[in-house]
Amino acid sequence: MQNPTPSWHGIERTSIPWYPTVNPDQCIGCELCFVTCGKSVYAMGEIDHKRKALVNDPYACVVGCTTCANICPTHAIGFPDPIIVLNAEREHKIFSQVHKEADARREKITQRNTAIQTTPNVVREKLEIAGEVEKLNLSSLRALVAESGCDLIDISITIPSILEHTQGAPGIAKMTLIGAPDQIGSVSEALNTLIYEHGLTLSKHDKG
Ligand code: SF4
Ligand code: SF4
């Protein structure tokens, strides 16, 4: 199903042609872009009976993002010249809208920090996950904590270079789970299941 982001800082999203294109001759169907993109821009399909990445929802792509191109092992993914984004920023004078969004974000951060400071018994658990962490879909993580009242903060994902990967070096994902102890318990359990299902290892779990 198409899931277009309706606007980008007040500009109709479809007026900015920023999205990936895949060269099917170079794509080896490794699926890295498919599992990495948190916006579900990609689908996997077949061309001439070979598995290939397909751009399924182009305008869901985050304007200015090039993550999938950076990690594609065969440089099969291309993007337009970033000048089109800079031109759109200038042409549509987006910055008053950006400042409003920044104010809203600051307000949200303040509210979150106040809630953390005033909620009794808030605990933090630091998690470190090792393995092919690119399989961890951020959307799945968000969905997992969204209903719980907990939060996942300080998320970082480090993917080894292609050479390091061939030598067996794992990727590392770090994050901090924060919430009331009873909330943390259920999310922690669900996280462990997710980690297990993706063939990953919980390499560190610091409680408190
Ligand atoms: S990361 Fe590159 S090679 Fe792998 S499926 Fe995507 S486009 Fe194809
Ligand atoms: S650039 Fe970012 S948002 Fe766009 S398709 Fe690639 S990973 Fe997804």
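Ligand 2 sits among Pro 20, Thr 36, Cys 37, Lys 39, Val 41, Cys 61, Val 62, Cys 65, Thr 66, Thr 67 and Cys 68 in this predicted model. Sorted by class, this shell holds seven nonpolar residues, three polar residues and one charged residue. Ligand 1 has a shell of its own, made up of 14 residues. Cys 27, Cys 30, Cys 33, Ala 53 and Cys 72 are the closest of these to ligand 1. Here the division by class is 11 nonpolar, two polar and one charged.

Two of the residues closest to ligand 1, Cys 33 and Cys 72, appear again in the interior of the protein. Together with Ile 77, Cys 33 and Cys 72 have the most contacts inside the largest nonpolar core, which counts 17 residues. Cys 33 makes a good starting point for a visit to this region. Once its neighbours within four places in sequence are set aside, Cys 33 is in contact with Tyr 42, Ala 53, Cys 68, Cys 72 and Ile 77. Among these partners, Ala 53 also belongs to the closest residues around ligand 1, while Cys 68 is part of the shell of ligand 2. A second core, separate from the largest one, has 13 residues, including Ala 173, Ile 178, Val 187 and Leu 191.

On a broader view, the domain assignment divides the protein chain into domain 1, residues 7-90, and domain 2, residues 122-207. Their C-alpha centres are 25 Å apart. The two domains do meet: six residues of domain 1 are in contact with seven residues of domain 2. On the domain 1 side, helix 1 (residues 32-36) gives the largest share, with three residues. That side consists of four nonpolar and two polar residues, with no charged ones.

Helix 3, which spans residues 83-92, offers a contrasting picture to the cores. None of its 10 residues is buried, and the helix is hardly covered. Just after helix 3 comes Lys 93, with a positive phi near 45°.

A word on confidence helps in reading these features. The protein chain has an average pLDDT of 88, and 96% of the residues reach at least 70. Residues 1-5 have a pLDDT below 50, and this stretch makes 11 contacts in the model beyond near neighbours in sequence. Predicted coordinates should not be read in detail where pLDDT is low.

Key: Residues numbered from 1 in each chain as written. Chains lettered and ligands numbered in written order. Predicted model: local features only at pLDDT ≥ 70, side-chain atom pairs only at ≥ 80, totals over all residues. Near = placed C-beta within 6 Å. Nonpolar A, V, L, I, M, F, W, Y, C, P; charged D, E, K, R; others polar. pLDDT = per-residue confidence, 0-100. Core = buried A, V, L, I, M, F, W, Y, C linked by C-beta atoms within 7 Å. Buried ≥ 20, exposed ≤ 12 C-beta atoms within 10 Å, placed from the backbone. Helix = DSSP H or I, 4+ residues; strand = E, 2+ residues; numbered from the N terminus. Domains from an automatic or database assignment.
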